[in-house]
Amino acid sequence: MSVIASSPERTLSERIIVVRVVLVAIGVGVLASPSWLQASWSGSSLFPAVSIVFTLVVAALVASWDRPPPQATIGRAAGAANATSHTVRPGAAVDTEGSRVRRYGLLASIVAGAAAMVLVGLATQRFVDAVLLNPPDPNRGDMLTVIELAGRRFLRGRDPYASYQLPWQVYLPYGPPLWGPFLLPQMLRIDLRLLTASGQLVVPVCCGVVAVFEAARARLISAAACLLLLATFVFNPDLLRFVTVGHTPAYWPLLPLLAILTAGERWHAAAAVLGVLIAGRTTMTALVPVFMMTVWLRDRSRVLSAGLILTAAVLALLLPFLLWDPAAMWRGMVTNYVQGIKQIVWRSNDGGAIYTIGLTGWLLSHGLERFVELSQACALAVVYVLAWRALRRGASALPYMGFGLFAFSMTTVWPVYYVHFDVVVLLASAALAETVAAIPLRRAIGGWAAAIVCAIGLVAGTVRMMAAPAPSIAVDLADGRNLLRHGFSRLEDDGARKYRWIVSTRAVTLLPRSSASAADLVVTAEPFAPKAGGPLTVTAVLNGTSLGTTQVDGGWQALRFRVPASTWRIGANELILDFPPARSPKELGLSDDPRHLVMAVQRIDVEAR
């Protein structure tokens, strides 16, 4: 009888994996809980309570990882597993357990694959829909706006580490691995947030792949746990909100690769990936002590070379910009970043820094801001001591690397909700990497690369399905109504046509496009033209670029604006129509209508040239 799938070690391994994956899923849910609880729990104790629960979940997760299961290393255990999977005792006639795996594995993998496809497809639709229906907003996503401005500056051959006005003064606080990936969509005139959506999809796609892998091995509970983790990413309201303003998902695809290489004990490659992460965002330095301790204990001969590779990766990416303008880069990434947070964010009247998960908000609420840096140093020191003791007992490095990043994010100077996403994405990546520990390293890396391609392809395909190359807005249809964002009144019908009045000096609409080619913008409208009134002045602005000003006399007509390709973007395009102040029919003595009527609009069309 085969020993595979029936041994106590395999059962123990599956139980440990299920516990880990479920705890990561619970952690993702806890992070999202304020979005659900704030309506009924408005007191100041909400975020401290969530912080405590999140800490307990992460601590339980790390504790469950303290003793590695069988098959603890990617690629290393595959040989042993293959050697025993076909061992049959003399006289055994039927491989009952192997038959069960073959019988149910194919069916289970099909079911798991279908469920994963539905969930990933739903996540893609939610993320892309959020991007297409929300224009970029510097007030909510100023860092993404800074990255876009810095990218434009860099593409013109200038140093990106400068100050930018939004209208407040902001500096670029990140390294090239974070803002560099956004250069390609900028050059292709693609909404930068579609890259964010792709980055957020990589780990959910990996969850689906691992669920299929586990189901094929007849490990149904483990497969279900991976699907549960996938669902927590799909239905997370914070992730859905973050996709419209987020920037950090640009480097999230590197976290599964780091987990795969660390679990596979490929120390040099893992050091290079970690160096890239650190060069992108300095918070990743919290992982370095645990990583180097692990290399010291596992393969001491590679400590020096791993450290040199890590350092070389950081310097290779940052040094050119540091030499370009040392003062500008130092101001952007170090001095002004921290000072701006303390002087502006900490003292904000809206309490944005206080109502956050972590210790920093609680310290600020009690006037103990002088202890923020000290608390961070103490928390990291405790984690590193615990990590050293656990690693000496043979524990895995990945949970303690995640634990170090968790301690950093919970005590960070910059208390925002999205800083914790890095923690759960890393822990989820670690759990998935060790779940597929039996497969060869090359296949694991191939699966990771395929997940990235799949995420990008899904986003691109969904944009093509949800946005037309030449969209039209009919104000009487539901789809058109959703794209009228500001300045429009109720739907009216004069018998000949249906229309909406613009009742403000500014009307805002969205034009989702799956193309960025040159096209004309045609507005079918009629200006409000009382007697003795002159022509109406209309100014059109698309994505911040003026399309010109025209004067319109009375009567229904088509207002045409020529838009060059450089003004369009694939994704959400924001059209603004500006008008001079208007008087209402009531003020003019024409009727009892108190609205300040400007122009009636029937439809807005994009016409390809």
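R595 pairs with D593 in a salt bridge, with 2.8 Å between the closest N and O atoms; the term covers a side-chain nitrogen of Lys or Arg within 4 Å of a carboxyl oxygen of Asp or Glu. This is a predicted model, so local features need pLDDT of at least 70 and side-chain atom pairs count only at pLDDT 80 or more, while totals for chains, interfaces and linings use all residues. Residues are numbered from 1 along each chain as its sequence is written, and side-chain values use heavy atoms, with hydrogens and water left out.

D593 has a relative accessible area of 17%, so it counts as buried (under 20% relative accessible area; exposed is over 50% and partly exposed in between, with a 1.4 Å probe and protein chains only). R595 also forms a salt bridge with E492, and here the closest N and O atoms are 2.9 Å apart. Because R595 sits in the loop between β12 (574-578) and β13 (599-608) and E492 in strand β5 (residues 488-493), this pair ties together parts 103 residues apart in sequence. Strands here are DSSP runs (E, at least two residues), as are helices (H or I, at least four), numbered from the N terminus. R595 is buried, at 15% relative accessibility, and E492 is buried too, at 17%.

Elsewhere, D520, R560, R562 and E607 are joined into one network by salt bridges that share partners. The whole structure holds 15 salt bridges. Another of these pairs is E434 with R20, at 3.1 Å from N to O. That pair links distant parts of the chain, 414 residues apart, with E434 in helix α19 (residues 421-435) and R20 in helix α1 (residues 8-37). Both side-chain partners, E434 and R20, are buried.

Turning to nonpolar packing, the largest core counts 184 residues, and L521 and M599 have the most contacts inside it. Such a core is a set of buried Ala, Val, Leu, Ile, Met, Phe, Trp, Tyr and Cys residues joined through side-chain atoms within 4.5 Å. Beyond neighbours within four places in sequence, L521 touches residues including L511, L547, F561, W568 and I604, and also R560 and D605 (contact: heavy atoms within 4.5 Å). A second, separate core has five residues, among them Y499, W501, F528 and A600.

On the surface, L155, L184, M187 and L188 make a nonpolar patch of about 390 Å². Patch residues have over 30% relative accessible area and no salt bridge, with nonpolar side chains (Val, Leu, Ile, Met, Phe, Trp, Tyr) joined within 5 Å and like charges within 9 Å; accessible areas come from the Shrake-Rupley method with a 1.4 Å probe, and for residues only the protein chains shown count as cover. M187 belongs to helix α7 (residues 183-187).
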